Amino acid sequence: MTPLEADIRRIIAVDGPMSVAAFMALCLGHPLHGYYTTRDPFGRGGDFTTAPEVSQMFGELIGLWAAALWQAMGTPARLALVELGPGRGTLMADALRAARAVPAFRPALRVHLVETSPALQRFQQERLAGLDLPIAWCRDVAELPDRPLIVIANEFFDALPVHQAVKAAGGWHERMIGLGRDGALAFALHPDPIPGFEAIAPGGLAGAPAGSLYEWRSGEVVADLARRVARNGGAALAIDYGHVDSAVGETLQAVRRHAFADPLATPGEVDLTAHVDFAALARTAARAGARVHGPIPQGEFLRRLGIEARAAALKAAATPALAADIDAALARLAGAGRDAMGELFKAVAVADPKLGAVAGFDS
Ligand code: SAH
């Protein structure tokens, strides 16, 4: 049994079953035994690989996107450049290097990294140490300063806890994690239907058959960002895998060493994620006063930002072996199909409504 499972069993023994969201929050963020608290999960030797770890092109294009957005905002003298869940700090390092193409951009910047994992904060500190730029860390978007901002979130929202509900005869019941007869962690339904479920789920779920499962997240982070961009100017860019319409179906998954695992078997030692419901994200952002651009497929977004030209420029200066790597990275980031990210991942921007077009979405 993992140390975290022992803790979770004790909590359940005292307080009763916990929601899937509470379980996921503990598995990822427990202060001692959480998955992100204790390790660097990225790369070939880790559990999964993210887009900025595939190629420098990803972060570079996002850096140029941010610089263009700053210009579209009217070049505010003080801008918070924020990244949520920066992982190893690779995306931010690549973005800031590329953004040197707009010389006036950097002096306006203060970089804010929102990161709960102390292990990854250390990684980010090392990765970004050489930059001649003020960088501040915080654990929550609520701590960000009140000023114009550009926010980047790659594979962040999929790591936020999801709730699950299952439709039974009398309504939708929250799916909980309790202790089975053998004392092991097991799924169970809350005995009472969720009051006011209609406010959580869109009307289309009314016809869902018994046994259907629906997942949702708290919209707190999205609503906070939407209010900030509407008030102070700017936009938040989220890139993640997920679905464009809210729909029933389970997407909660555990991943270890690039393969699927049992989400209940080894808490704290596997990554837990669930698809992002982009329709729910857009509803929350619009309600909080922002304008939503997209979602569009990641491949389309990157092509509009010029990934093909960037790949060609890198290849022109590369050895044949490196050129083949660049082609492979381009196919992985922007290509179609199950092994590529271009269609599975989507990009969405939550922007100040006073801002006109947002590069990559409306151009
Ligand atoms: N953006 C990076 C890492 C994605 S993994 C990349 O693309 O490579 C998810 C990141 O979000 C990790 O850095 C993790 O520690 C962080 N994270 C997870 N939950 C968080 C939360 N609730 N608040 C802040 N950061 C969180």
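Which polar backbone atom is 2.8 Å from a nitrogen atom of the ligand? I should like to open with that question, and the answer is a polar backbone atom of N154. Before going further, I should state that we are looking at a predicted model.

Let me stay with the ligand. Taken alone, the ligand exposes 570 Å², and the protein buries 91% of that area. The surrounding shell comprises 17 residues, and the closest are T50, G85, G87, E115 and N154. By character, the shell divides into 8 nonpolar, 6 polar and 3 charged residues.

Two of the other closest residues also make polar contacts. In G85, a polar backbone atom lies 2.7 Å from a nitrogen atom of the ligand. In E115, the contact comes from the side chain: one of its polar atoms is 2.5 Å from an oxygen atom of the ligand. To summarise this part, backbone atoms serve at G85 and at N154, while a side-chain atom serves at E115.

I turn now to the strands, beginning with β3, which covers residues 109–114. Strand β3 runs parallel to strand β4, residues 135–138, and 4 bridges join the two. Within this pair, V111 stands opposite I135 of β4. Helix α7, residues 118–128, belongs to the same arrangement: β3, α7 and β4 make a right-handed β-α-β unit.

The next strand to consider is β6, residues 163–168. What is the sense of its pairing with β9, residues 213–216, parallel or antiparallel? The pairing is antiparallel, over 4 bridges. Strand β6 also pairs in the antiparallel sense with β7, residues 171–179, again over 4 bridges. The strands β6 and β7 form a hairpin, with 2 residues between them. V166 is a useful residue to locate on the screen, since it has a partner in each of these strands: L213 stands opposite it in β9, and H173 is its bridge partner in β7.

Further along the chain we find an open sheet of 3 strands, in the order β12-β11-β13, with antiparallel pairing. Its edge strands are β12, residues 259–261, and β13, residues 271–273, each of which pairs on one side only. From one strand to the next, the twist averages 45 degrees. Strand β11, residues 253–256, is joined to β12 by 3 bridges, and the bridge partner of V255 in β12 is F260.

I shall close with two points of backbone geometry. As general background, most residues other than glycine have a negative phi, and most peptide bonds are trans. Which residue has a positive phi of about 50 degrees although it is not a glycine? That residue is T75, which lies in the loop between α5, residues 56–72, and β2, residues 79–84. The second point concerns the peptide bond between G294 and P295, which is cis, with omega of about 5 degrees. P295 has its place in strand β15, residues 291–297.

For those who wish to examine the model themselves, I would single out three places: the polar contact at E115, the two partners of V166 in β9 and β7, and the cis peptide bond joining G294 and P295. Thank you for your attention.

Conventions:
Residues are numbered from 1 along each chain as its sequence is written. This is a predicted model: local features need pLDDT of at least 70, side-chain atom pairs count only at pLDDT 80 or more; totals for chains, interfaces and linings use all residues. Side-chain values use heavy atoms; hydrogens and water are left out. A residue is near a molecule or strand if one of its heavy atoms lies within 4 Å of it. A polar contact is a pair of N or O atoms within 3.5 Å; within protein, one must be able to donate a hydrogen and the other to accept it, and residues adjacent in sequence count only if both atoms are side-chain atoms. Accessible areas come from the Shrake-Rupley method with a 1.4 Å probe; for residues, only the protein chains shown count as cover. Ala, Val, Leu, Ile, Met, Phe, Trp, Tyr, Cys and Pro count as nonpolar, Asp, Glu, Lys and Arg as charged, and the others, Gly among them, as polar. Two strands pair if DSSP finds at least two bridges between them. A crossover is right-handed if, with the strands pointing away from the viewer, the path from the first strand over the helix to the second runs clockwise. Axes are lines fitted to C-alpha atoms, for helices over the stretch in contact, and angles run from 0 to 180 degrees between N-to-C directions.
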